[in-house]
Amino acid sequence: MGFQFQKVSTTETNTDQNFVVGGEVEKVKCLIIGSGPAGYTAAIYASRANLSPVLYQGLEPGGQLTTTTEVENFPGYPHGVTGPVMMEDLKAQAERFGAQSRWGIVTSVDLSQRPFKAIVDGSKSIEAETMIIATGATAKYLGLDSEEKFKGSGVSACATCDGFFYKGKNVAVVGGGDTAAEEATYLAGLCKKVYLIIRKDRMRASKAMIERVERTANIEVLYETMTKEIVGSNVVEGAILVQKGQEKHIEIDGFFVAIGHTPQSEIFKAWVNVDEEGYIETIAGTSKTNVPGVFACGDVIDKIYKQAITAAGSGCRAALDAEKFLAEQH
Ligand code: NDP
C-alpha cells in the first residue's frame, strides 16, 4: 500500500511488531474504535486474520458491560461472569493474537479518502486502511443523584441483563417508548409487579407494544408521573413519585431506566450515513457503511437488540468484512 514499514514499540502493554508506522503518523491496516464486546470481537477476528488491529478503548474502556454486575446470558459462562471480568477476558483473547488495545479516545476522523485519518486524544495521528466503528451507545438516565448512588445495586438500564435478579419482586420501569414497553413486559414475566412510569398521558411505543402492556395483568401503568427520588439504605427499597402534582411512594427492589440511548456516532456523522436518531446505517446483512472500507458494529448500529452477544456477533462480521475488503484491494 505504499506505507513505510517500520517496527516500533509502543507504550502499551501489548506490542505487536507487525503494524506499520511512517514518520509521525502511525499507519495501521485496521483501526477499531471502541472496546465493548463488538470492538473486542472484531479485534479477535482481525488479529487472527493478520490485520494487526489497533483498538482504542474510548471513554469507557470495556463499554457498557463494565457498569453491570453479573452477566448470565453470554454463552460460554455457565456460572455467569461479572461484566468487567468478561471484558478483561475478551481483551486478553484479542491481545493473545496480537491485537493492540490502547487507552485513548479517537477525537476526530477524516473518512473522505483512504487511508482514513484519525486523531487520538486530540494529538496523535493515525492512518488506517480500514476502520471498524464499535463505539456503542450510552443509556440515558434521569439525572437524579439517587439514581447514580444505586447504579449496580438496584438501578439498571437493561432489563434483559439484570431482570433475573428481581425474580418475584416489585420493580419499576421508567419510559414510554418501545424499549420501556418491552422491558416492562419482560420483567412482568419474572417479577411480582411492575410499575411503568410514564411522564406524559400516553405512551410513545408502537400500538402492538401498548396493547401488550395493557394485556399484562401485573403491570400498573402510571401516566403523568415523574420520579422525584429513588430511596433505600444500601440498595433500592422504593421510589418517591409525583403523579399529577401528588407525591406517591412505591415499594420496589429494582428501578429500570428505559428512556432511550444515545449512539456514539457524533464524530463519524459527516461521513457515514446515520438515521434520525444517530444510529449508523449499514448495508443490510453486512457491517458495511456507505464509505467503502469503514465498517460499523455493536450498539452504535443496533437500537433493538443491544445485547453483548449480538454486539459480539456483529463485531465478528465487521472484521470479516474488513478482511475481505483488504483482500480485494490487492
Ligand atoms: P424512545 O426515544 O422511543 O422513548 C423514550 C421514552 O422515554 C419516551 O417515552 C420519553 O418520553 C421517555 N423519556 C425520555 N426522557 C425522559 C425523562 N427524563 N423522564 C421520563 N421519561 C423520559 O426510546 P426507546 O429506547 O424506547 O426506543 C428507541 C428506538 O428504538 C425507537 O425508534 C423504538 O421504536 C425502537 N425500538 C424498537 C424495538 C422493536 O422494534 N422491537 C424495541 C426497542 C426500541 P416522551 O414520550 O414524553 O418523550
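Which side chain meets that of Lys303 in a salt bridge? Select Lys303 in this predicted model and look for Glu277, whose side chain meets that of Lys303 in a salt bridge with an N to O distance of 3.1 Å. Lys303 sits in the loop between strand E20 (294-296) and helix H7 (308-329), while Glu277 sits in the loop between strand E19 (261-263) and E20, so the pair ties together parts that are 26 residues apart in sequence. Both ends of this bridge can be coloured by accessibility: Lys303 is partly exposed, with a relative accessible area of 32%, and Glu277 is partly exposed at 45%.

This pair belongs to a set, since the structure holds 13 salt bridges. Select Lys124 next, and with it Glu26, its partner in a salt bridge whose closest N and O atoms are 2.8 Å apart. Here distant parts of the chain are linked, for Lys124 belongs to strand E9 (residues 124-133) and Glu26 to strand E2 (residues 25-33), 98 residues apart. The two ends are set differently with respect to the surface: Lys124 is partly exposed, with a relative accessible area of 32%, whereas Glu26 has a relative accessibility of 4% and counts as buried, because buried means under 20%. Add Arg102 to the selection, and a network of salt bridges appears that links Glu26, Arg102 and Lys124.

Now move to helix H6 (residues 207-215), where both Glu211 and Lys207 lie, four residues apart, or about one turn of the helix. Glu211 forms a salt bridge with Lys207, with 2.9 Å between the closest N and O atoms. In an α-helix there are 3.6 residues a turn, so residues three or four places apart point the same way. Of this pair, Glu211 counts as partly exposed at 34% relative accessibility, and Lys207 as exposed at 63%.

Keep H6 on display and select Met209, Ile210 and Val213, which are the buried residues of this helix. Turn the view until you look down the axis of H6: its buried residues fall within an arc of 100°, so they line one face of the helix. On the other side of H6, the residues to select are Lys207, Ala208, Glu214 and Arg215, which are exposed.

What do the buried residues of H6 pack against? To see the answer, show helix H5 (178-188) together with strand E13 (193-197) and strand E14 (219-222), the elements against which the buried residues of H6 pack.

Methods: Residues numbered from 1 in each chain as written. Predicted model: local features only at pLDDT ≥ 70, side-chain atom pairs only at ≥ 80, totals over all residues. Heavy atoms only, no water. Salt bridge = Lys/Arg side-chain N within 4 Å of Asp/Glu carboxyl O. Helix = DSSP H or I, 4+ residues; strand = E, 2+ residues; numbered from the N terminus. Buried < 20%, exposed > 50% of the residue type's maximum accessible area, 1.4 Å probe, protein only. Arc of directions from axis to C-beta. Contact = heavy atoms within 4.5 Å.
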